[in-house]
Amino acid sequence: QVQLVESGGGSVQAGGSLRLSCAAYGYTYSTNYMGWFRQAPGKEREGVATIYTGGGSTYYADAVKGRFTISQDNHKNTVYLQMNSLKPEDTALYYCAADYRAPSPGGWDSALQYTNWGQGTQVTVSS
């Protein structure tokens with residue numbers, strides 16, 4: 001079992017920045033692929049970004065490309081999501097997810113591809 005603990009959420013005005021952190025504890029062999037998902041009220045959980053911690057490959061949703069950056073610190077077993085130029089539509093509960101298996105081709109943004117999840121951290125962007 002691996003425990004994922006998110007932090008860094010908060011409230012910010014449109015155009016502002018936040019950095020989310022996801023620290024992994026326990027059996028970190030389960031964290032070959034780590035991603036960020038978000039879920040707004042009344043909407044489905046959607047993939048935001050994923051990183052292959054073994055090689056650094058990254059994947060982004062079109063809605064966040066150029067604004068968000070996912071990165072890792074392997075020494076700390078931590079993945080970050082730097083969010084710049086935030087928009088009100090970025091408001092959601094952000095979850096960290098991890099799995100040891102590679103997502104199926106084109107499936108990095110499917111919540112079904114990940115078996116380990118954090119509790120979530122709220123991001124609120126006001127206009």
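Tyr27 sits in the loop that runs between E3 and E4. In this predicted model, Tyr27 is exposed, because its relative accessible area is 52%, and exposed means over 50%. Tyr27 also takes part in a surface feature: together with Tyr29 and Tyr100, Tyr27 makes a nonpolar patch of about 390 Å².

The loop between E3 and E4 holds Thr31 as well. Is Thr31 buried or exposed? Thr31 has a relative accessible area of 8%, and since buried means under 20%, Thr31 is buried. Leaving out residues up to four places away in sequence, Thr31 touches Val2, Ala24, Thr53, Ala98 and Asp99. One loop therefore carries both an exposed residue, Tyr27, and a buried one, Thr31.

A step back shows the setting of these residues. The protein chain contains 11 strands and 0 helices. Followed along the sequence, the pattern reads β-β-β-β-β-β-β-β-β-β-β. The radius of gyration is 13 Å, while the globule rule gives 14 Å for 127 residues; the two values are close, so the chain is as compact as a globular protein of that length. Along the principal axes, the C-alpha atoms fill a box of roughly 40 × 30 × 25 Å.

How much of the chain is buried? Of the 127 residues, 43% are buried. On the outside, the chain exposes about 6600 Å², and carbon and sulfur atoms supply 45% of that area. Contacts can also be sorted by how far apart their partners lie in sequence. Taking contacts between residues at least 6 apart, 57% join residues that are at least 24 apart.

The interior comes next. The largest nonpolar core has 32 residues, and the members that touch the most other members are Met34, Trp36, Leu81, Met83 and Tyr94. Elements giving two or more residues to this core include E1, strand E3 (18-26), strand E4 (33-39), strand E8 (78-83) and strand E9 (92-99). Which element gives the largest share of the core? That element is E9, with 5 residues.

Leu81 offers a view of the surroundings of one core residue. Apart from neighbours within four places in sequence, Leu81 is in contact with Leu18, Arg19, Leu20, Trp36, Val48, Ala49, Phe68, Thr69, Ile70 and Tyr94. Two of these partners, Trp36 and Tyr94, are named with Leu81 among the core members that touch the most others.

Val5 gives another view, this time from strand E1 (residues 2-7). The relative accessibility of Val5 is 35%, and Val5 counts as partly exposed because this value falls between the 20% limit for buried and the 50% limit for exposed. Beyond residues up to four places away in sequence, Val5 touches Ser21, Cys22, Ala23 and Tyr25. The C-alpha atoms of Val5 and Ala97 are separated by 9.9 Å, although the two residues are 92 residues apart along the chain.

Charged residues add a further layer to the picture. Side chains of opposite charge can pair when their charged atoms come close. The count of salt bridges in this model comes to 5. One of them joins Arg38 and Asp90, whose closest N and O atoms are 2.9 Å apart. This pair links distant parts of the chain, with Arg38 in strand E4 and Asp90 in the loop between E8 and E9, 52 residues apart. Both Arg38 and Asp90 are buried.

Asp90 has a second partner. Asp90 forms a salt bridge with Arg67, and here the closest N and O atoms are 2.8 Å apart. Asp90 lies in the loop between E8 and E9, whereas Arg67 lies in the loop between strand E6 (58-60) and E7, so this pair ties together parts that are 23 residues apart in sequence. Like Asp90, Arg67 is buried.

Another salt bridge brings together the side chains of Arg101 and Asp99, at 2.9 Å from N to O. How do these two partners sit, buried or partly exposed? Arg101 has a relative accessible area of 38% and is partly exposed, whereas Asp99, at 0% relative accessibility, is buried. Elsewhere, salt bridges with shared partners join Arg38, Glu46, Arg67 and Asp90 into one network. Asp99 also leads back to the starting loop, where Thr31 touches Asp99.

Notes:
Residues numbered from 1 in each chain as written. Predicted model: local features only at pLDDT ≥ 70, side-chain atom pairs only at ≥ 80, totals over all residues. Heavy atoms only, no water. Helix = DSSP H or I, 4+ residues; strand = E, 2+ residues; numbered from the N terminus. Buried < 20%, exposed > 50% of the residue type's maximum accessible area, 1.4 Å probe, protein only. Contact = heavy atoms within 4.5 Å. Core = buried A, V, L, I, M, F, W, Y, C linked by side-chain atoms within 4.5 Å. Patch = residues over 30% accessible without salt bridge, like charges linked within 9 Å, V, L, I, M, F, W, Y side chains within 5 Å. Areas by Shrake-Rupley, 256 points an atom, 1.4 Å probe, with all protein chains shown as cover. Salt bridge = Lys/Arg side-chain N within 4 Å of Asp/Glu carboxyl O. Rg over C-alpha atoms; globule rule 2.2 N^0.38 Å.
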